[in-house]
Amino acid sequence: VKLGFVGGTGIEGRGLALRFAAAGAEVLIGSRSPERAVKVAAEYNAVLGAESVRGLENSAVVTSADIVFLTVPFDQAPDAVRSILSTVRPGQVLVDVTVPLSFQSGKIEYVEFPEGSSAERIASILPQEVKLVGAFKELPAHVLGDLGIVLDCDVLVCGNSSEARDKVMSAIRLIPTLRPVDAGPLSSARVIERMTLLAVLLNRRYKKKGARFRIQGI
Ligand SMILES: NC(=O)c1ccc[n+]([C@@H]2O[C@H](COP(=O)([O-])OP(=O)(O)OC[C@H]3O[C@@H](n4cnc5c(N)ncnc54)[C@H](OP(=O)(O)O)[C@@H]3O)[C@@H](O)[C@H]2O)c1
């Protein structure tokens, strides 16, 4: 499977690109700057000890990838989506990882959107034929990015197309020990994005960095 990351040059893109590449997926990281994408891909390959990540301009990533992850800041996501709209194919699966948290001088603020969640806000600017799936919202990027950490947790997957959710869950199953959990419609992102806020608050209280979730009983 060929996975693309729009804004794959940030910490979240890094973590996902490293995990998926280490699991054998073909990984394309995108940037607004093709030069930056190539440079950062070389950094990821150095960590992996293999030439498994390629860097391209964002639109070229969207053209080539089977599944496209949007790994950009939540407040930049609408702009980033608009910049790839003419390249996205009908039926293509987009994965939104955004969490509407702003960190201003040490204060955490959860940003409310009239659509209910950052995922639904992004969906509102996408054509209906493009399937948006939310995933990886509640898993810390630095946990993903440290290949020495065993992923002993779940990742909640939501979206209005069950076919698209299945496709993303199949890709997630490539990553050893990480379990995808089907969280149903995209509106579940309202809960999941707030779970991330909880994880951040728990990290602060316990002076940790890696709070993550495991659902028992299913
Ligand atoms: N940090 C975590 O633990 C964590 C956990 C779960 C989810 N997330 C989510 O992951 C997403 C990415 O987080 P991050 O910390 O990796 O973000 P980041 O480093 O601030 O940004 C990621 C990349 O987005 C690109 N970008 C920025 N503005 C853009 C724009 N207007 N149009 C297109 N691309 C743009 C940049 O790439 P170029 O300059 O190379 O184009 C940048 O390297 C966020 O939505 C965050 O909520 C983070």
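Which atom of the ligand lies 2.8 Å from a backbone N or O atom of Ala-141? Some notes on that and a few other points follow.

1. To answer the opener: an oxygen atom of the ligand is the partner, 2.8 Å from a backbone N or O atom of Ala-141. Bear in mind while reading that this is a predicted model.

2. Ala-141 has company in making backbone contacts to ligand oxygen. A polar backbone atom of Arg-32 is 2.8 Å from an oxygen atom of the ligand, and for Ile-11 a polar backbone atom is 3.1 Å from a ligand oxygen. As for cover, the ligand on its own has 910 Å² of accessible area, and the protein covers 77% of that.

3. On to the surroundings. The ligand sits in the largest pocket, with 22 residues around it. The closest of these are Thr-9, Ser-31, Val-72, Gln-76 and Ala-141, so if you're clicking through the site, you'll meet Ala-141 again here as well as in the backbone contact.4. What is the shell made of, by residue class? It divides into 11 nonpolar residues, seven polar ones and four charged ones.

5. Now a look at Leu-16. This residue belongs to helix α1, which covers residues 11-22. Ile-11, whose backbone contacts the ligand, is within that residue range too.

6. Is Leu-16 buried or exposed? Its relative accessible area is 0%, under the 20% cut-off, so Leu-16 counts as buried.

7. Last one, on spacing: Leu-16 and Thr-177 are 161 residues apart along the chain, and their C-alpha atoms are separated by 15 Å.

Note on methods:
Residues numbered from 1 in each chain as written. Predicted model: local features only at pLDDT ≥ 70, side-chain atom pairs only at ≥ 80, totals over all residues. Heavy atoms only, no water. Near = heavy atom within 4 Å. Polar contact = N/O pair within 3.5 Å; in protein donor to acceptor, adjacent residues only side chain to side chain. Areas by Shrake-Rupley, 256 points an atom, 1.4 Å probe, with all protein chains shown as cover. 1 Å grid on protein atoms, 1.4 Å probe; cavity = no way out; pocket = protein on both sides within 12 Å on 5 of 7 lines; lining within 4 Å. Sits in = over half its atoms within 2 Å of the grid points. Nonpolar A, V, L, I, M, F, W, Y, C, P; charged D, E, K, R; others polar. Helix = DSSP H or I, 4+ residues; strand = E, 2+ residues; numbered from the N terminus. Buried < 20%, exposed > 50% of the residue type's maximum accessible area, 1.4 Å probe, protein only.
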